[in-house]
Amino acid sequence: MKINNDQLCDEVVLAKEYLQSNWEQRKQEDVTRDVIISSEEKWLRLFGHFKENHIAAKNLIKIVKYAFCLPGTSAPVERVFSLMNNSWTDDRGLMKESTVKGMMTCKINIGLACENFYNKIKNKKRLSKKSPSQ
């Protein structure tokens with residue numbers, strides 16, 4: 001991701017000016033209406049202001065988009081490791097990495113144990129391979 005630091009500095013200064021001049025007023029309006037505004041909505045308002053006033057903010061937008069792609073917590077990753085540790089026990093320690101990967105894909109994306117998933121799809125002709133005679 002390429003960022004022009006000079007342009008970014010100008011964009012941040014403009015954003016700060018907008019926030020200082022308009023934010024307290026909007027914040028009071030939202031409290032009066034008993035509305036809780038998400039951080040995403042706050043950024044949308046700021047960039048809406050930039051768009052209405054023809055203010056370029058491509059560097060700041062890149063950074064905000066990147067930040068919103070990052071997970072808020074590590075809980076999903078910790079859940080995957082927990083599921084993997086529960087599946088790849090000492091008794092099953094000889095499983096290949098590809099087998100564990102397949103099991104984790106089933107558990108995480110489908111929500112079924114491998115055997116239940118197999119039973120669910122085994123008679124689906126659309127998913128089965130064609131036999132050599134066909």
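Where does His-54 lie? Hold that thought for a second, and hello everyone. What you have on the screen is a predicted model, and I'd like to walk you through it, starting with that histidine.

His-54 sits in the loop between H2 and H3. The backbone there caught my eye: His-54 is not a glycine, yet its phi is positive, about 55 degrees. For context, most residues other than glycine have a negative phi. Is His-54 buried or exposed? With a relative accessibility of 72%, His-54 counts as exposed. And in terms of position, His-54 comes just after H2.

Now let me step back to the overall picture. The protein has six helices and zero strands, so to speak an α-α-α-α-α-α run from the N terminus on. There are 134 residues, and buried ones make up 16% of them. If you like contact statistics, take the contacts with a separation of 6 or more: 51% of them come from residues 24 or more positions apart.

A word on confidence, since I know you'll ask. The mean pLDDT of the protein is 80, and 83% of the residues reach 70 or more. Among the elements, H3 has the highest mean, 89, and H5 the lowest, 78. Please keep that value for H5 in mind when we get there.

Next, the core. Which residues make up the largest nonpolar core? There are nine in all: Leu-8, Ala-15, Tyr-18, Leu-46, Phe-47, Phe-50, Ala-57, Leu-60 and Val-64. The elements giving two or more residues to this core are helix H1 (5-32), helix H2 (39-52) and helix H3 (58-69). If you zoom in on Val-64, you'll find that it touches Trp-43 and Phe-47, leaving aside residues up to four places away in sequence.

Let's stay with H2 for a moment. Its 14 residues should span 20 Å at 1.5 Å a residue, and the end C-alpha atoms are indeed 20 Å apart. The buried residues of H2 are Arg-45, Leu-46, Phe-47, His-49 and Phe-50. An arginine in that list deserves a closer look, I think.

How many salt bridges does the structure hold? It holds one. Arg-45 forms a salt bridge with Glu-41, and the closest N and O atoms are 3.6 Å apart. As general background, side chains of opposite charge can pair when their charged atoms come close. Both partners lie in helix H2, four residues apart, which is about one turn of the helix. The geometry is the familiar one: an α-helix has 3.6 residues a turn, so residues three or four places apart point the same way. As for exposure, why does Arg-45 count as buried? Because its relative accessibility is 16%, and the cut-off for buried is under 20%. Glu-41, on the other hand, is partly exposed, with a relative accessible area of 32%.

That brings us to H5, residues 97-109. This helix has 13 residues and reaches 18 Å from first C-alpha to last, close to the 18 Å expected at 1.5 Å a residue. Its buried residues are Val-100, Met-103, Met-104 and Cys-106. Seen down the helix axis, these buried residues fall within an arc of 160 degrees, so they line one face of H5. What covers them includes helix H4 (75-87) and helix H6 (114-121). Over on the other side of H5, Glu-97, Ser-98, Lys-101 and Asn-109 are exposed.

One more residue in this helix: Thr-105 lies in H5 and is partly exposed, at a relative accessible area of 38%. How far apart are the C-alpha atoms of Thr-105 and Val-80? They are separated by 9.7 Å, with the two positions 25 residues apart along the chain counted as their separation. Just after H5, Gly-111 takes a positive phi of about 80 degrees.

And that closes the loop with our opening residue: just after H2, His-54 also has a positive phi, about 55 degrees. As I said, H5 has the lowest mean pLDDT among the elements, 78. Thanks for listening, and I'm happy to take questions!

Definitions and conventions:
Residues numbered from 1 in each chain as written. Heavy atoms only, no water. Expected span 1.5 Å × (residues − 1). Buried < 20%, exposed > 50% of the residue type's maximum accessible area, 1.4 Å probe, protein only. Arc of directions from axis to C-beta. Contact = heavy atoms within 4.5 Å. Core = buried A, V, L, I, M, F, W, Y, C linked by side-chain atoms within 4.5 Å. Salt bridge = Lys/Arg side-chain N within 4 Å of Asp/Glu carboxyl O. pLDDT = per-residue confidence, 0-100.
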